[in-house]
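Me: I should like to learn how to read a structural model one feature at a time. Could we work through an example together?

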Amino acid sequence: MSEYSEIDPTGLVEAPRGRATRPTKATLRERRKRRIWPTLIPVGVFVFFAIFGPLIVPFNAVSTNIVDRLRAPGSVLSNGSTAWLGTDQVGRDMLGEVIAGARLTLIMAIATIIIAGIIGIVLGLVAGYFGGWIDNVIMRLADLQLAFPGLLLAILIAGVLGPSVRNVVISLAVTRWVTFARLARSSALSVRKLDYVSAARLLGASHVRLLSRYLLPASISPLFVLGTVEVGSVVLSAASLSFLGLGVPPDQVDWGSTIAAGSDYLLSAWWISTMPGIALAGLVLSVSVLGDKLQARFAAARSR
């Protein structure tokens, strides 16, 4: 029997060239754990309905229909249509309200991640690359902000600016740039002393070129994973601001404001708060699982 007839569980025996080895059960289990596509399905469903849902189920945030108010899920309305998720206290279809809320919630979350990511990445790369007093100033500012709870700081900023989608994005972006900055700084510190960066510096590359062509690409993967994980946290924070009346104005609708409006009808019309609450929990859970999968894939790629 050949000495390579069995797979060495320790991985120390190298298989002869030209002969493929069969993966072990542990390897197959590890590969299944790192599969990303199953976690993309629920996230894709939310994105699909956020983009095309208003075309399928039209919704007007300021329309009212008192005749059909507080109808239970599955009820037939006065116009002959079916309210699959029921109606709210002013007669609006809850299915259209949940879909419209998904669009606005995702817009606020993505805009917040983009703005916070750009600010944090620029400041973090600059701090890690130059070091010295620049690093001290940026990191001390980050430490000072981390001393305050993020949601309380967002409530303070949103209360000063007033309710609007733009102000919600600004409030949440101010509280989220720190995490991107710290990760970008750590990546810059580990890359700036590598040989190819030193060689480019000796060849006369400018600081902007070094930051954009060498340090930034090395930070993209972990920052992308961080951005995915932060989406769930931003969605919860945006819903919390809207629940407190500091989020979107009354002529717009998102999940937080819908949950707040239905809190007075929990006993008589539980579906008003429950339906957007289920959608909110499903989106946060789906994005969190996707972020964990991406983090595991990234960690496995770095260990190779």
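Reply: Certainly. The model is predicted. Let us begin with a single residue and its neighbours: leaving aside residues up to four places away in sequence, Ile 157 touches Ser 171 and Val 174.

Me: Where is Ile 157 placed? And is Ile 157 buried or exposed?

Reply: Ile 157 belongs to helix 5, which covers residues 150-161. A residue counts as buried when its relative accessible area is under 20%. Ile 157 has a relative accessible area of 18% and is therefore buried.

Me: How far is Ile 157 from Thr 175 in sequence and in space?

Reply: Sequence distance and spatial distance are best read side by side. Ile 157 and Thr 175 are 18 residues apart in sequence, and their C-alpha atoms are 9.7 Å apart.

Me: Before further detail, what does the secondary structure of the protein come to?

Reply: The protein has ten helices and two strands. Their order along the sequence is α-α-β-β-α-α-α-α-α-α-α-α. For the chain as a whole, 40% of the 304 residues count as buried.

Me: What share of the contacts in the protein with a separation of 6 or more comes from residues 24 or more positions apart?

Reply: Such residues account for 70% of those contacts.

Me: I should now like to read a kink. Where in helix 2 does a kink lie?

Reply: A kink is read as a bend in the helix axis at a given residue. In helix 2, residues 37-56, a kink of about 45 degrees lies at Ala 50, shortly before the proline Pro 54. Ala 50 is also one of the buried residues of helix 2, together with Thr 39, Val 43, Phe 46 and Gly 53.

Me: Is Pro 54 buried or exposed?

Reply: Neither term applies in full. Pro 54, which lies in helix 2, has 25% relative accessibility and so counts as partly exposed.

Me: Which residues does Pro 54 touch, not counting residues up to four places away in sequence?

Reply: Pro 54 touches Phe 49, Ile 99 and Arg 103 on that basis. A further pair to examine is Pro 54 and Ala 100, which are 46 residues apart along the chain, with C-alpha atoms separated by 6.4 Å.

Me: How should I read the packing of helix 2 and helix 3, and at what angle do they pack?

Reply: One takes the angle, the axis distance and the handedness in turn. Helix 2 and helix 3, the latter spanning residues 94-130, pack at about 115 degrees with axes 8 Å apart. The two helices are therefore roughly perpendicular to each other. Helix 2 passes helix 3 in a left-handed crossing.

Me: Which residues of helix 2 meet helix 3?

Reply: On the side of helix 2 they are Phe 46, Val 47, Phe 49, Ala 50, Ile 51, Gly 53 and Pro 54, and in helix 3 their partners are Ile 99, Ala 102, Arg 103 and Leu 106. This contact comprises nine nonpolar residues, one polar and one charged. Ala 50, where the kink lies, is thus present in the contact as well.

Me: What of helix 3 and helix 8: at roughly what angle do they cross?

Reply: They cross at roughly 145 degrees, and the axes of helix 3 and helix 8, residues 207-243, come within 8 Å. The crossing is right-handed. By class, the residues of this contact are 16 nonpolar, five polar and one charged.

Me: How does helix 6 run with respect to helix 8?

Reply: The axes of helix 6, residues 165-191, and helix 8 come within 9 Å and cross at roughly 155 degrees. Helix 6 is therefore roughly antiparallel to helix 8. The crossing is right-handed. The contact divides into 16 nonpolar, six polar and two charged residues.

Me: Finally, how should I read residues in loops? In which loop does Leu 70 lie?

Reply: Here one reads the position, the backbone angle and the accessibility. Leu 70 lies in the loop between helix 2 and strand 1, residues 75-76. Its phi is near 60 degrees, a positive value in a residue other than glycine. With a relative accessible area of 26%, Leu 70 is partly exposed.

Me: And where is the place of Ser 263?

Reply: Ser 263 is in the loop between helix 9 (255-262) and helix 10 (271-303). Its relative accessible area is 32%, so Ser 263 is partly exposed. Ser 263 and Ser 273 are ten residues apart in sequence and 6.3 Å apart in space, C-alpha to C-alpha.

Conventions: Residues are numbered from 1 along each chain as its sequence is written. This is a predicted model: local features need pLDDT of at least 70, side-chain atom pairs count only at pLDDT 80 or more; totals for chains, interfaces and linings use all residues. Side-chain values use heavy atoms; hydrogens and water are left out. The bend at a residue is the angle between axes fitted to the seven residues ending there and the seven starting there. Helices (H or I, at least four residues) and strands (E, at least two) are DSSP runs, numbered from the N terminus. Buried means under 20% relative accessible area, exposed over 50%, partly exposed in between (1.4 Å probe, protein chains only). Axes are lines fitted to C-alpha atoms, for helices over the stretch in contact, and angles run from 0 to 180 degrees between N-to-C directions. Angles under 35 degrees count as roughly parallel, over 145 as roughly antiparallel, 65 to 115 as roughly perpendicular and the rest as oblique. A crossing is left-handed if the near helix is turned anticlockwise from the far one by less than a right angle, and right-handed if clockwise. Contact means heavy atoms within 4.5 Å. Ala, Val, Leu, Ile, Met, Phe, Trp, Tyr, Cys and Pro count as nonpolar, Asp, Glu, Lys and Arg as charged, and the others, Gly among them, as polar.
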